Amino acid sequence: LNEKFDQALDLLESNKIALRTDEEGLFLQGVCLYHLNQLDRARAVFSDILDGRRAPVSEVLLYLARIYHSRHQFDKAVELYKEYLKVLPPKHPYRPLIRDEIKMCSNGIRLQFRQSLAFVENLGGDVNTPYDEFGPVLSPNHQGTLYFSSNRPGNFGGPRNQYGQPDEFYGHHANDIFSCKNVSGAWTNAQRMHFLINSNAHDVIFSFDPSGRVMYYYQGRSLDNGRILIDTFQRADQRRLSVNPFLGPIRANADYAMPYFQGDSIVVFSTDQMGGYGGKDLFMSVSVNGQWTPPQNLGPSINTAYDETTPYLTDGGEALYFSSNNPDYSMGGFDILKSFFDKGKRDWYLPLNLGMPINSAGDDAYFRLGYDGYSDFFASIRQDG
């Protein structure tokens, strides 16, 4: 329940003889393996549970469907999702969600035959860990330097519980901001930023100004209630312990709603606190003579009853990249979409899915174009991570 899947798995497997006859224990073992991305072992455990019963266990069918879905075996996933629907009560709240998963598999079947736009490469073990790495942001003035956020062990404050108290057993690490560099095509070991940026709370990078001398970032005890701060990269002997807050129209949120700042005059962000079409919608605000305009919803071509998140606006403002879990577009979880602005109609075109291998059956988000025009960076929860 505290998502300590590695410790739970160690406890479950400490008595393998008892585990063989404990169906609930076997199921929990499979759940732990699934969340630890050991999908071959998880599939074997769930299959053994099904083979030992006359009637299928609904949750086992669901996890098996998700395993095949994450591996882009969409036909098999659909078959298992439909089996899962058969054992659910008619008014079960999961039924609409499973129908959405089936639609996403249908999109995956279609998209897997589209020509690939790119080659996707994991940044490797010197940057990524078994924990979360997200929100990649390139430095505008230091070529080959990439910043991101991560909740890995060793972060400031140590593991803490939901109340912010130190808790080595049940606690989780807050996010800190890191940087890494590309040297001769290889990414160097990620370095945590200093204590005047990172704190005991969540610290999440958002964006830079075009000069690279101003960094916008988030700080808060939780990912949905904090402050947006501005750091100006002063020398250590000129620094103050306090930092400047961003005085704009955004409710601070560092989860998938994280805003994108284009220079110091445009901000695009995601929120479910300002009305709209349902879920999280994308909004834009512009600074005019030092005053931010009221946020404007980007409209029904972009926003839907689902969640639209992690926007990125190109410099000319003609193209918008963002992520959505709308089953009309996605092949699983959040997919990265692209839309163009129609200057004549002053509106956005319907978005297009960037396809495989940029998108996957996992969550794909935080898309940012590289400065060379040929590369981009994003974060993904995919099976081969």
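## A threonine in a loop

Set aside the residues within four places of it in sequence, and Thr314 is in contact with Gln262, Ala319, Tyr321 and Leu369. Its place is in the loop between strand E15 (308-313) and strand E16 (319-324). Sitting in a loop doesn't put Thr314 on show here: it is buried, with a relative accessible area of 14%, because anything under 20% counts as buried. Keep in mind as you look around that this is a predicted model.

## The largest core

Let's move to the helices. The largest nonpolar core has 34 residues, and Phe46, Ile49, Tyr81 and Ile98 are the ones that touch the most other members. At least two residues of this core come from each of H3, helix H4 (39-51), H5, helix H6 (74-87) and helix H7 (95-111). Which helix gives the most to this core? H5 does, with eight residues. In soluble globular proteins, nonpolar side chains tend to be buried together.

Ile49 is a handy residue to click on. Not counting neighbours within four places in sequence, Ile49 is in contact with Glu23, Leu26, Phe27, Val57 and Val60. There is also a second, separate core of 22 residues, and its members include Val204, Phe206, Ile250 and Val267.

## H5 and its partners

Start with H3 and H5. Helix H3 (residues 23-35) and helix H5 (residues 58-70) pack at an angle of about 20°, and their axes are 11 Å apart. Angles under 35 degrees count as roughly parallel, so that is the label for H3 and H5. The crossing of H3 past H5 is left-handed. On the H3 side, the residues that meet H5 are Phe27, Val31, Tyr34 and His35, and on the H5 side they are Glu59, Val60, Tyr63, Arg66 and Ile67. Sorted by class, this contact has six nonpolar, one polar and two charged residues.

Now try H5 with H6. How do these two helices run, roughly parallel or roughly antiparallel? Their axes come within 8 Å and cross at roughly 160°, and because an angle over 145 degrees counts as roughly antiparallel, H5 and H6 are roughly antiparallel to each other. H5 passes H6 in a left-handed crossing. Among the H5 residues that meet H6 are Leu61, Leu62, Leu64 and Ala65, and the H6 residues they face as a group include Phe74, Ala77, Leu80 and Tyr81. The residues of this contact divide into eleven nonpolar, two polar and four charged.

## A glycine inside H3

Gly30 is found in helix H3. At 0% relative accessibility, Gly30 counts as buried. Leaving out residues up to four places away in sequence, Gly30 touches Ala42, Val45 and Phe46. Gly30 and Ser47 are 17 residues apart in sequence, and from C-alpha to C-alpha they are 9.7 Å apart in space.

## Backbone details to look for

A cis peptide bond joins Met356 and Pro357, with omega at about 0°. You'll find Pro357 in the loop between strand E19 (352-353) and strand E20 (364-369).

Next come two residues with positive phi, neither of them a glycine. Asn289 has a phi near 55°, and its place is in the loop between strand E12 (281-288) and strand E13 (291-292). Tyr366 has a phi of about 65° and lies in strand E20. Which is Asn289, buried or exposed? Asn289 is exposed, with a relative accessible area of 78%, whereas Tyr366, at 8% relative accessibility, counts as buried.

Definitions and conventions: Residues numbered from 1 in each chain as written. Predicted model: local features only at pLDDT ≥ 70, side-chain atom pairs only at ≥ 80, totals over all residues. Heavy atoms only, no water. Axes fitted to C-alpha atoms, helices over the stretch in contact; angles between N-to-C directions. Helix = DSSP H or I, 4+ residues; strand = E, 2+ residues; numbered from the N terminus. Parallel < 35°, antiparallel > 145°, perpendicular 65-115°, else oblique. Left-handed = near helix turned anticlockwise from the far one by under 90°. Contact = heavy atoms within 4.5 Å. Nonpolar A, V, L, I, M, F, W, Y, C, P; charged D, E, K, R; others polar. Buried < 20%, exposed > 50% of the residue type's maximum accessible area, 1.4 Å probe, protein only. Core = buried A, V, L, I, M, F, W, Y, C linked by side-chain atoms within 4.5 Å.
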